[in-house]
Amino acid sequence: VLIPLGNVTFKAVAVSRYGVKSSVTTRSYVVSMPKKFSYDESLALLKQHMTAKGELTASGQSPKGAVLTFTQEATRIVNNAEAVVIRVTQTQNNKTSEYGLYAVGTADGNVYKIDAAGNATAY
């Protein structure tokens, strides 16, 4: 059965092999396409998580005063789902170093931290 997007109402009647009919049952549903988070939405989710965990201040710095820079990496599969990968570097005293590698699921918005071995854990 092809189902259109939007508000959909189904009506059904069950019929036994002897021709006995049930009453009409009616159900309404809202059918929509799954959301796919864009890079900008994924970045916002990552920043929200980092702020909640105390790793990012409102001014875009680490608690130790380093400036954090966010760079989009290639989209890849993380924990069996497509994810936007974001590399975070920190700059302090004119020295730039790796801060962390993160991923945000494009379908569910789940945020992961990726370790040096490439393993992703919920963040």
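Q: In this predicted model, which residue in the turn of the hairpin formed by β7 and β8 has a positive phi?
A: The model is a predicted one, and in it β7 pairs with strand β8, residues 120–122, in the antiparallel sense over three bridges. Within that pairing K113 stands opposite T121 in β8. The two strands form a hairpin with five residues between them, and the turn residue with a positive phi, of about 90°, is G118.

Q: What is the approximate positive phi of G109, in the turn of the hairpin that β6 and β7 form?
A: Strand β6 covers residues 95–105 and strand β7 covers residues 111–114, and they pair in the antiparallel sense over four bridges. Across this pairing V104 stands opposite V111 in β7. Five residues lie between the two strands of the hairpin, and in that turn G109 has a positive phi of about 75°.

Q: Is T89 buried or exposed?
A: T89 is found in strand β5, which spans residues 81–92. Not counting residues up to four places away in sequence, T89 touches V67, L68, T69, T96, S97, E98 and Y99. Because its relative accessible area is 18%, and the cut-off for this class is under 20%, T89 counts as buried.

Q: With which side chain does the side chain of E98 make a polar contact?
A: E98 lies in strand β6 and, at 43% relative accessibility, counts as partly exposed. Leaving aside its neighbours within four places in sequence, E98 is in contact with R87, V88, T89 and Q90. The C-alpha atoms of E98 and R87 are separated by 8.0 Å, although the two residues are eleven places apart along the chain. The polar contact, at 2.7 Å, joins the side chain of E98 to the side chain of R87.

Q: Which element gives the largest share of the largest nonpolar core?
A: This core has 16 residues, of which L46, M50, F70, I86 and V88 touch the most other members. Two or more residues come from each of α1 (39–52), β3 (67–72), β5 and β6. The largest share, five residues, comes from α1.

Q: How many residues make up the second, separate core?
A: I86, one of the residues that touch the most other members of the largest nonpolar core, has contacts that include L46, F70 and L101, when residues up to four places away in sequence are not counted. L101 is also named in the second, separate core, where A83, A103 and Y112 are included as well. The number of residues in that second core is eight.

Technical notes:
Residues are numbered from 1 along each chain as its sequence is written. This is a predicted model: local features need pLDDT of at least 70, side-chain atom pairs count only at pLDDT 80 or more; totals for chains, interfaces and linings use all residues. Side-chain values use heavy atoms; hydrogens and water are left out. Two strands pair if DSSP finds at least two bridges between them. Buried means under 20% relative accessible area, exposed over 50%, partly exposed in between (1.4 Å probe, protein chains only). Contact means heavy atoms within 4.5 Å. A nonpolar core is a set of buried Ala, Val, Leu, Ile, Met, Phe, Trp, Tyr and Cys residues joined through side-chain atoms within 4.5 Å. A polar contact is a pair of N or O atoms within 3.5 Å; within protein, one must be able to donate a hydrogen and the other to accept it, and residues adjacent in sequence count only if both atoms are side-chain atoms.
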